[in-house]
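Q: Could you take a close look at how the helices pack against one another here? I'd like the contacts spelled out residue by residue, plus whatever sits around them.

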Amino acid sequence: MHSLKPPLAMKRPRPPSPPPLSPASTKQTSPPPRPLKSLHPNTPPISSKKPKSHPKWVPLNLSQTELSLPLTFPTGQTFRWKQTGPLQYTGTIGPHLLSLKHLQNGDVSYFIHFTPSESAAKLALLDFLNVSISLAKLWEVFSENDSRFAELAKYLKGARVLRQDPVECLVQFLCSSNNNIGRITKMVDFISSLGTHLGSVGGFDFHEFPSLERLSAVSEEELRQAGFGYRAKYITGTVDVLQSKPDGGAQWLLSLRKLDLQEAIDALCSLPGVGPKVAACIALFSLDQHHAIPVDTHVWQIATKYLLPELAGARLTPKLCSRVAEAFVSKYGEYAGWAQTLLFIADLPSQKALLPSHFWDIKEKKSAKIEDSNSCNIDGNYS
Ligand SMILES: Nc1nc2[nH]c(O)nc2c(=O)[nH]1
């Protein structure tokens with residue numbers, strides 16, 4: 001078994017500036033001068049002479065109903081954010097390194113560890129969190145149309161869809177094909193380690209996601225040696241195709257935000273290793289395609305139980321995938337992907353403890369694992 005360590009041949013990029021101190025390291029190694037009062041173990045102490053730019057936890061004006069960090073970050077949308085405290089997650093957005101945490105009343109606050117510009121970091125965070133979309137309002141409408149959703153929503157408040165960078169999202173979901181969360185995370189960590197180091201928090205190193213140019217310097221062989229298996233050729237193949245786009249691959253991917261859903265899915269499926277399920281995940285989590293519906297056997301089970309009972313027992317085919325997607329959209333409307341996200345999360349074994357036992361039926365019969373669900377063949381490797 002190969003360890004997912006950076007290949008020796010790769011040059012490790014240098015940080016743009018000395019890594020910033022994390023809240024934890026601030027506390028442990030170099031407390032700021034003359035603290036007056038510490039409100040929380042991870043809260044930097046307040047100092048009357050604190051320079052304006054001193055990092056601090058800042059309220060985000062988002063309640064837990066609008067954003068639950070444990071339901072949003074470790075539930076299969078992104079594999080790049082790390083849990084760095086009991087209710088605290090840390091990750092990068094572009095060149096910004098930030099932590100988010102829940103306060104005791106559930107509200108979310110953020111802490112900037114490193115950024116070239118604080119105002120740009122805040123804007124990038126709000127954009128990444130899709131804050132212009134009210135989850136409470138969406139869920140009210142979904143709940144009116146679906147009593148089961150209404151009940152689930154009581155237990156799983158705040159499962160929000162993120163607006164990730166498309167290159168980052170695409171590479172993560174290429175790693176997700178037929179894979180489990182632990183290995184996906186290791187692969188994504190490996191790729192991320194090729195980007196510029198931004199700092200360390202809670203014992204984790206954080207890097208800006210590498211540019212396509214930097215990714216194009218990694219060979220298929222290096223990825224294979226690092227344990228990527230057949231996904232290695234999908235990653236290098238996709239990076240090559242993106243690099244050949246006249247305006248650049250990153251720009252090409254961003255331009256898919258303006259297309260209809262089907263056009264965006266077709267464009268994504270032209271990339272090596274991208275099938276309909278992975279394309280729908282990328283479309284939903286990075287391309288503003290809010291009614292994209294990733295369909296795999298787990299979602300198929302939910303759909304045949306609650307939306308299309310007449311199809312129970314049938315074998316999932318590409319045509320039936322479209323039926324499922326249509327059924328979701330006709331039930332939940334233009335933000336149907338956000339409803340799918342809650343139903344997907346409710347089906348994860350990790351969420352079982354949050355739900356009363358009568359919600360466990362599907363999970364009991366089939367352990368809903370991401371590992372089986374992201375194959376490019378929608379009907380292969382699922383059982
Ligand atoms: N909301 C969803 N997240 C996912 N992650 C993943 O790998 N598949 C899914 C999915 O179908 N929905």
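**Helix packing, up close**

A: Helix α5 (residues 147-155) packs against helix α16 (residues 336-346) at an angle of about 65 degrees, and their axes are 11 Å apart. The crossing of this pair is left-handed. On the α5 side, R148, F149, L152 and A153 make the contact, and they meet A339, L342, L343 and A346 of α16. Bear in mind that this is a predicted model.

Some background before the next pair. The protein has 17 helices and seven strands. Of its 383 residues, 54% are buried. Looking at contacts with a separation of 6 or more, 64% of them join residues 24 or more positions apart.

Next up are α14 (residues 297-306) and α15 (residues 318-332), whose axes come within 10 Å and cross at roughly 60 degrees. That angle is why the two helices count as oblique to each other. Their crossing is left-handed. V299, W300 and A303 are the α14 residues in the contact, while α15 brings L320, V324 and F328.

The third pair is α6 and α7, which pack at about 135 degrees with axes 9 Å apart. So α6 is oblique to α7. The crossing of α6 and α7 is right-handed. Here V171, Q172 and C175 of α6 meet I184, M187, V188 and I191 of α7.

Now, what sits around that third pair? F79 is a good place to start. You'll find F79 in the loop between α2 (69-72) and β2 (82-85). With a relative accessible area of 3%, F79 is buried. Setting aside residues up to four places away in sequence, F79 touches Q172, F173, I181, I184, T185, V188 and D189. Compare that list with the α6 and α7 contact: Q172, I184 and V188 turn up there too. As for L320 in the α15 contact, 241 residues separate F79 from L320 along the chain, and their C-alpha atoms are 29 Å apart.

T238 is another one to click on. T238 lies in helix α10 (residues 231-243), and with a relative accessibility of 2% it counts as buried. Beyond the neighbours within four places in sequence, T238 is in contact with L170, L174, L271 and P272. Since α6 spans residues 166-175, L170 and L174 fall inside that helix. T238 and R224 sit 14 residues apart in sequence, and 15 Å separates their C-alpha atoms.

The loop between α6 (166-175) and α7 (181-192) holds N178. The phi of N178 is near 50 degrees, which is positive in a residue other than glycine. N178 counts as partly exposed, at 25% relative accessibility. N61 also has a positive phi without being a glycine, near 60 degrees in its case. But N61 is placed in strand β1 (residues 57-62), and at 75% relative accessibility N61 counts as exposed.

If you're scanning for disulfides, a search of the whole structure turns up zero. Take C169: its closest cysteine sulfur is in C281, and at 7.7 Å it's too far away for a bond. The cut-off for a pair of sulfurs is 2.5 Å. Seen from the other end, C281 is in no disulfide either, with the sulfur of C169 as its nearest cysteine sulfur, 7.7 Å away. C169 is buried, at a relative accessible area of 0%, and C281 counts as buried too, at 5%.

One last thing, this time from a record. UniProt lists residues 175-348 as "domain: HhH-GPD", in an unreviewed entry. In the model, that stretch is 57% helix and 5% strand, and its end C-alpha atoms are 19 Å apart. Helices α14 (residues 297-306) and α15 (residues 318-332) fall within those limits, and so does α16 (residues 336-346). By contrast, α5 covers residues 147-155, before the listed start at 175.

Notes. Residues are numbered from 1 along each chain as its sequence is written. This is a predicted model: local features need pLDDT of at least 70, side-chain atom pairs count only at pLDDT 80 or more; totals for chains, interfaces and linings use all residues. Side-chain values use heavy atoms; hydrogens and water are left out. Buried means under 20% relative accessible area, exposed over 50%, partly exposed in between (1.4 Å probe, protein chains only). UniProt positions are given in the numbering used here, feature names are shortened, and annotations may be inferred rather than shown by experiment. Helices (H or I, at least four residues) and strands (E, at least two) are DSSP runs, numbered from the N terminus. Axes are lines fitted to C-alpha atoms, for helices over the stretch in contact, and angles run from 0 to 180 degrees between N-to-C directions. Angles under 35 degrees count as roughly parallel, over 145 as roughly antiparallel, 65 to 115 as roughly perpendicular and the rest as oblique. A crossing is left-handed if the near helix is turned anticlockwise from the far one by less than a right angle, and right-handed if clockwise. Contact means heavy atoms within 4.5 Å.
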